[in-house]
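The following exercises concern contacts, helix geometry and confidence. Please attempt each task before reading its solution.

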Amino acid sequence: MSFLAVTHTHWAKFRRDRAAMVMTFVVPIAFFSVFAMLMAGRSGGTHIRIAVIDEQGSAASRHFVTQLKAEQSLDVLDLALDGDGNRTLPMTAALAEQEIRTGDLSLALVLPPEFRTTADAKGVRPKLTLLADTSDPFSSRMTSSILQKVVLGRMPFDVSTRDVLGEKKRNPRIAFAAAGLGVMFLLFMAATSGGALLDEAESGTLDRILASRISMTQLLLGKLTYLVMLSTLQLTVTFIWGWLVFGVELWKHFDGFLLMTVVTAIATSSFGLLLATVCRTRAQLTALANLVVLVMSALGGSLIPRFLMPESIRKLGLLTINGWALDGFLKVFWREEPLFALWPQLTVLLVAGTVFFVASRLLARRWEAQ
Amino acid sequence: MNTHPALQVRAVEKSFGPRKALDGIELTLASGELLGIVGPNGAGKSTLVRAIAGRVVPESGDIRVHGHPAGSEAARALVGFVPQEIALYPLLTARENLSAFARYQRIHRSELKPVVDHALNWTALTDRSGDKASHLSGGMKRRLNIAAGILHKPKLLLLDEPTVGVDPQSRERIYAMIGELREQGMSLIYTSHYMEELERLCDRIVIVDHGRVIAQGTPESLVHDHLDGGQELSITTDRYMEPALREKLSRFGASMNGTVAKIRITSAADQIADVLSVYRSENAAVRDLALKSPGLEAVFLALTGRELRE
């Protein structure tokens, strides 16, 4: 078990390296918290802020505005900003347009003087003008749908959405964000820590280690063990933070979480070692790791969930560690599938980890006796 | 009982690309002997040391440590390797560094503390054992670098330029440390650029150039065998030498440059008086006079036609 001597040394180094501690624990938690807060904001319901300008002022138009205000998903404004930034002025189409241009508002609905809710005698359908900032297409599309509903008013049934998978769960989306960002940071950490090999080669320490009773295989195995332990700790700390602050249901799914975390850590850690053995210098490693990890994270769903991606890109994501790892975490936290349902993800990640480790061992031959 | 020499290097050849680093090098080291290896940059010293440590595999030839092939498990257990670089973990303390390298040498956990304590005491770093290696002075780092190579009590210690960049005080401390190792019967290989320290420390010296041993022996025998055994008399006058003086000095085979004349002599007691009488006869005032025995530097120059630090 000589490789454990290497693991021990790396732990001792980590304990003495405050910068590495911050990068390992604080930075991922800070990123995750920002994402989680954004998600918590969205999951509380989608409120669309919209200015409504009633240019007709009739009983019918006022009734229409009242109906809009009754819509839970709309936040209707009828006052515009004054010079002090307070909403005190009666809203007009011109003021609304100005606010959209300045970014204070993204939507405004104008009820024209000829406003009506039904087609006229010639069958011409009523027209409403929606002033919109199309950089937020989601809000304008959703508003159009709500208007149809309000105008029709007489819908024979009311559609409500039941969240089949998430209705009894607390913040599963935040668990997904923790996993997504967590895997990305595991990859960054593994590449950075794996680079210690390059530092050792540069400083002559590698020469000394390999002249002792430690072989290259033992050295890499010791480093891999350290990286897997540190990665597991990093992701666990992130999830414990998610549980404490954002109510992620960690303990309910702890067995699945731990299984996915350890296996993901094996894959990311051996990938980090592979990147380090491919490169000749630290600078090369940094550039390559940034590129590869960001591309893998984007395709694999760490930044945007894969189920929101087009089919072709979604398939490409299966070429990444992130894609398989996040599919596994999704099964654990979202679909609540039993542990044995994780076998495809666990198998792929373990095989990938083994292949990366063997490849890094082969590449490391250049540092062995020449 | 092992009757093999501590080290036997036979006809070792090694090339890196078109450059031949070792070209049939041969040497033997007896148990308890301190062998100095000297040569200019690129002569093959470090390659030889790394080959003995098992870090370079020769293309041909044979290296044996107490009879075991270099690089083998048995040989690695017998060899201590102190590389030229400060091969330490800068973030770890002196104690943690020594503990790490002791573990790499498979020293049992129960023996770690006494072994590390002894090494710290040996290097006079006990008071700084809790300081990170990066916070130690250059001399302290060098001592720690050496200590990391002897934790497993090797029978053969390889020291590759162990005093590079070290202040005189720390250098003396390192010499004392080496003296203690010799008292314990350890065999040592010591490479250096500094002739004076090799002359002071080593039983025998090997001069290496272009990957070959070009001379070896004790410091005295090298001088005796490769120089004529004479001395160099150097005389400086207070002004430029007159032609008449120059003409008379040339009869002694003097090389002259401005106010300095250098004359090779074989019998100081007889010849110095003769030379000085020439100065007296020409009324030339002698400002400085020095008699110097030739050292390894001169041997190297005589053998290779190059200065050591070229």
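**Exercise 1.** Determine how many residues of chain B are in contact with chain A in this predicted model, and which elements of chain B contribute.

*Solution.*
Step 1. On the side of chain B, 24 residues are in contact with 21 residues of chain A.
Step 2. The elements of chain B that give two or more residues to this side are helix 2 (73–78) and helix 3 (94–104).
Step 3. Helix 3 of chain B gives the most, with 5 residues.
Step 4. Sorted by class, the side of chain B that touches chain A has 14 nonpolar, 3 polar and 7 charged residues.

**Exercise 2.** Compare the expected span of helix 1 (residues 3–15) of chain A with the distance between its end C-alpha atoms, then state where its buried residues pack.

*Solution.*
Step 1. Helix 1 of chain A has 13 residues; at 1.5 Å a residue, it should therefore span 18 Å.
Step 2. Its end C-alpha atoms are 19 Å apart, which agrees with the expected span.
Step 3. The buried residues of this helix are A5(A), V6(A), T7(A), T9(A) and H10(A).
Step 4. These buried residues pack against helix 9 (216–246) of chain A together with helix 3 of chain B.

**Exercise 3.** Identify which elements of chain B have the lowest and the highest mean pLDDT.

*Solution.*
Step 1. For chain B, the mean pLDDT is 90, and 97% of its residues reach 70 or more.
Step 2. Among its elements, helix 11 (residues 296–304) has the lowest mean pLDDT (76), and helix 3 has the highest (97).
Step 3. The model scores ipTM 0.82 and pTM 0.78.

Key: Residues numbered from 1 in each chain as written. Chains lettered and ligands numbered in written order. Predicted model: local features only at pLDDT ≥ 70, side-chain atom pairs only at ≥ 80, totals over all residues. Contact = placed C-beta atoms within 7 Å. Helix = DSSP H or I, 4+ residues; strand = E, 2+ residues; numbered from the N terminus. Nonpolar A, V, L, I, M, F, W, Y, C, P; charged D, E, K, R; others polar. pLDDT = per-residue confidence, 0-100. Expected span 1.5 Å × (residues − 1). Buried ≥ 20, exposed ≤ 12 C-beta atoms within 10 Å, placed from the backbone.
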